[in-house]
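User: Could you take a close look at the nonpolar core of this one for me? I'd like to know what builds it and how far to trust the model around it.

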Amino acid sequence: MRERISHALGRDADEKALRDALKQRPDNVDAAIPLARGLLTRERPDEALEVLDDILLAAPGDVRALNAKGVVLDHEGRHHEAQTLYRQALATDPENPMLSNNLKLSLALEGTRQNGNPDPQLQADGRHAPYR
């Protein structure tokens, strides 16, 4: 029980530190992405999208931020929107294997859903991961 409480308090402290870092530097992609990842992990996708929208206003076209927002959108079943972001990022970095993989996975997820099957788990390196 203590371990769970300690873990939860650590997450709250991490979230606060990341939010503080973003207040100091609104274009801090290195703070925005782990914050969004943590929010998505805690089932707060709307807040994750808000963080990523803010970072994209401060750092327009940032490939990592576009990818992260695409992952959140895929998680929410908004595959077409995610694919648009992956393609936008690929226009900047066409050789990026992570972006190519995420676009392919998004297309597969969309196809699975259209065929009436439930979404498979988003995976990276063989395990469930909200960010690829």
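Analyst: Here's a walk through the core, with the rest of the chain as background. Keep in mind that this is a predicted model. The protein chain has six helices and two strands, and going from the N terminus the order is α-α-α-α-α-α-β-β. Of its 132 residues, 39% count as buried.

Now to the core itself. The largest nonpolar core holds 30 residues, and the ones with the most contacts inside it are Leu 22, Val 51, Leu 52, Ile 55 and Val 72. At least two residues of this core come from each of α2 (29-41), α3 (45-58), α4 (63-75), α5 (79-92) and α6 (97-114). The top contributor is α2, which puts in eight residues.

Leu 22 is a handy place to zoom in. Skipping neighbours within four places in sequence, Leu 22 is in contact with Asn 28, Ala 31, Ala 32, Leu 35, Val 51 and Ile 55. Val 51 and Ile 55 are themselves on the list of residues with the most contacts inside the core.

As for trust, mean pLDDT for the chain is 84, with 76% of residues at 70 or more. Residues 4-9 stay under 50, and the model gives them zero contacts beyond four places in sequence. Residues 117-131 are also below 50, yet that stretch has 33 contacts in the model beyond near neighbours in sequence. Where pLDDT is low, the predicted coordinates shouldn't be read in detail.

Terms used: Residues numbered from 1 in each chain as written. Predicted model: local features only at pLDDT ≥ 70, side-chain atom pairs only at ≥ 80, totals over all residues. Heavy atoms only, no water. Helix = DSSP H or I, 4+ residues; strand = E, 2+ residues; numbered from the N terminus. Buried < 20%, exposed > 50% of the residue type's maximum accessible area, 1.4 Å probe, protein only. Core = buried A, V, L, I, M, F, W, Y, C linked by side-chain atoms within 4.5 Å. Contact = heavy atoms within 4.5 Å. pLDDT = per-residue confidence, 0-100.
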